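Here is a look at a two-chain model, taken one helix, strand and loop at a time. Keep the structure open beside the text.

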Amino acid sequence: MKSLSRLMAITRKEVRQLRRDRLTFAMIIGMPLMQILMFGYAINTDVRNLKTAVADEANTHLSREFIAQIGETQVALVQQRVDSVADLEELLRTGDISIGISIPPDFDRRVIDPNRAAAHILVDGSDPTVLGVANQLRNMPVAFDSNRQEKEHSAIEVRPYYNPERRTPVNIVPGLMGVILTMTMMIFTAVAIVRERELGNLELLINTPVTSAELMIGKILPYIAIGLVQLALILAIGDLLFDVPVRGSVLDLYIAASFFIAANLALGLFVSTMVSTQFQAMQATFFLMMPSILLSGFMFPFDGMPVAAQYIGEALPITHFIRLTRGIMLREASLGDMPFALIYLGSFAFVAMTAAAMRFSKRLD
Amino acid sequence: MNDELAIRARGLSKHFGSLRAVDRLDLDVPKASIYGFLGPNGCGKSTTIRMLCGLLTPTEGNADVLGYHVPDQSKELKPKIGYMTQKFSLFGDLTVAENLQFIAEIYSVPAANRKPRIDELLEKYDLTEQYKQFARTMSGGQKQRLALACAVLHHPDLLLLDEPTSAVDPQSRRDFWANLFRLAEGGTTILVSTHYMDEAERCHKLAILDHGVKVADGTPQELQDSTGMIIVEVLADDPYRAQTVIKRIPVVASVTQLGIRLRVLIPESVGDALELVDRNLRKQNITAETRIAHATLEDVFVAVTLKPEQRAA
């Protein structure tokens, strides 16, 4: 099989070059490591201890108890006491606090009046996450008899399935796998062809009997292996540091990842055939990264997006991969439960690969 | 297709927009010969070579290369040709041995023959000591020998060399040409582009290209014998003044200074060229020795790239 031996020659060469490219090699390990630590530790959507100031103009027993209750929620951390609403507004404007609690002088009377708000909470609305968290405070009951609140029942109780402790890493890691793989796989292959074009290697290669398809497939094979190594790394760190579970089958996860990696590599190669310099390739990759992060359901829930954005999201391989990983890792789903996502990834890889091989002509004109 | 020809092109043209990079080129390259393309940068040498190996599609015309029609049959042609690009195009982050290994695999050299063939090439092209060295760290001459070794590894019938010696020292160039002659004696046809006159002189046959047009072709001897010019060599005390005077003679086609000597090209139709130059120099009281010289390839090159009105006097 001449074709297979040529393909393997390309793969062997890529592996050799990759082994010697220390920076790229460091990226393979460093990029997932940095991102998972960053997202796992720094990013927390379950916000606590917002900086808070209180202007207690009532200064009654009830108002002091109310302030203590707010502190107990751990949502707000009362750091300062000021005299007036104007002071709160000033602190809010300078960014010293995120929440200001204003208790009017007639607080006690307001509490028993169902038509008036007992207190006002001033929130730094410039941060949507803070606003959302502060909203939790709204439902805090205030009463003269502090025992009464235990008798009260909400009409609706929310039970967070699959992530009962509401830990951010559990939500983030499955999606983050998609982001990391998209980023590294696309960057590697997007520059793959242009680099050889820039260095002049391509003119030599296209004068040999090697075909476009052999060149393309030979180039992506090593990266599939790299992608799977990255996946293992992310899973290991997720398990060790953040206790992120894999409730479904690990094999299913790897199968899904293989399809997803192939889709990204093919897309990267396609980009590589479109651009003429490595710099352009990087720009194009970043252009494709933004929707992958924002519209894939990784950061923001898919259902909340406008229909047009959902269509774009549906076209991205990462959207389908995130559905698969969240399903397999958290909901104990199997690939059979989500066949469409896998079929989409496979088809995407095939179409992008064909397009790349067709666009890459063995000619210079 | 003539059995004696490795390349036969008729009316080969390549246009890039309004630029005619190669304009209606006819080419006959005999088998087992070294055929040179001589011309300045941008004259269409590289474009022609790229068309001949199927990298570029001709705008007009056609070419038969080793019996294959290009570009339609370039896939079948690829295994039969070796191509050395103008810029070093092997992998700098692979060693010499790895580069050769890769090329051997790409050309499907049987596994059993690879090692002996690579060893043979390392020996032949004096790279045995460098075989573990990364290609990017080698000198210009070494890179060039490696590129040639890679180009001939699969025993091609035709070698296309695009300015192979532009980045190497004179000694390396001499060695390189010795290798080319050895290959040609072994039956390989070699098409080589150059802008060095001394290299052109070594070719069995050559074509001179100017602005995409073939302005002359033949053996170096034929070209030197048929310039249509008389060459007057002037040895003057003040070459600069002499040059100014000679340039003012209307029939003079070209004056070139080589050290303290001037080479003056005058169309054969003028008649007594030597006397004409002497008379003009005497008139300006310039002492100079003058004599008729044989045309060198440089003179040929100057003569054939002249504008038509200069050539006809």
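The side of α3(A) that faces away from its buried face carries the exposed residues A:H61, A:A68 and A:E72. Exposed here means 12 or fewer other C-beta atoms within 10 Å of the residue's own, buried means 20 or more, and partly exposed is in between, with C-beta atoms placed from the backbone. On the buried side of α3(A) you find A:S63, A:F66 and A:I70. They cover an arc of only 55 degrees around the axis, so they sit on the same side of α3(A); the arc is that of the directions from the helix axis to the C-beta atoms. The general rule behind this is that an α-helix has 3.6 residues a turn, so residues three or four places apart point the same way.

Before going further, a word on the ground rules. This is a predicted model, in which local features need pLDDT of at least 70 and side-chain atom pairs count only at pLDDT 80 or more, while totals for chains, interfaces and linings use all residues. Residues are numbered from 1 along each chain as its sequence is written, and chains are lettered from A and ligands numbered from 1 in the order in which they are written.

Back to the helix. α3(A) runs over residues 61-72, 12 residues in total, and reaches 17 Å from its first C-alpha to its last, close to the 16 Å expected at 1.5 Å a residue. That expected span is 1.5 Å times one less than the number of residues. Helices (H or I, at least four residues) and strands (E, at least two) are DSSP runs, numbered from the N terminus. Just after α3(A), A:Q74 takes a positive phi of about 70 degrees.

What do the buried residues of α3(A) pack against? Their partners are β1, β2 (76-82), β3, α5 (107-112) and α6 (128-138) of chain A. Contact means that the C-beta atoms of two residues, placed from the backbone, lie within 7 Å.

Of those partners, take β3(A), residues 99-103: 5 of its 5 residues are buried. On one side are A:I99, A:I101 and A:I103, on the other A:G100 and A:S102, and both faces are covered. In a regular strand the side chains alternate between the two faces of the sheet. β3(A) pairs with β1(A) (residues 50-56) in the parallel sense over 5 bridges, and with β4(A) (residues 120-123) in the antiparallel sense over 4 bridges. Pairing requires DSSP to find at least two bridges between the strands. A:G100 takes part in both: A:A53 stands opposite A:G100, and so does A:L122 in β4(A).

Zooming out, chain A is divided into domain 1 (2-43 + 167-359) and domain 2 (50-151), with bounds from an automatic or database domain assignment. The centres of the two domains, taken over C-alpha atoms, are 47 Å apart.

Now for chain B. Its secondary structure comes to 12 helices and 14 strands, and its C-alpha trace spans about 75 × 45 × 35 Å along its principal axes. Of its 313 residues, 46% are buried. Among contacts between residues at least 6 apart in sequence, 70% join residues at least 24 apart.

In chain B, β1(B) (residues 5-16) and β4(B) (residues 60-65) pair in the antiparallel sense over 5 bridges, with B:A9 partnered by B:A63. β4(B) also pairs with β5(B), antiparallel over 3 bridges, and B:V65 stands opposite B:Y68 there. These two strands form a hairpin with 2 residues between them, and B:L66 in the turn has a positive phi of about 55 degrees.

β5(B) leads on to some backbone oddities. Most residues other than glycine have a negative phi, and most peptide bonds are trans. The exceptions below are in loops of chain B.

| Residue | Backbone feature | Loop |
|---|---|---|
| B:P71 | cis bond from B:V70, omega about 5 degrees | β5 (68-70) to α2 (74-77) |
| B:S108 | positive phi, about 55 degrees | α3 to α4 (111-124) |
| B:N285 | positive phi, near 55 degrees | α10 (273-283) to β14 (288-293) |

Are B:S108 and B:N285 buried or exposed? B:S108 is partly exposed, with 18 other C-beta atoms within 10 Å, whereas B:N285 counts as exposed, with 7 C-beta neighbours inside 10 Å.

Finally, the chain-chain contact takes 22 residues from chain B and 20 residues from chain A. On the chain B side, the largest share, 4 residues, comes from helix α3 (residues 96-106) of chain B. By class, that side has 12 nonpolar, 4 polar and 6 charged residues, where Ala, Val, Leu, Ile, Met, Phe, Trp, Tyr, Cys and Pro count as nonpolar, Asp, Glu, Lys and Arg as charged, and the others, Gly among them, as polar.
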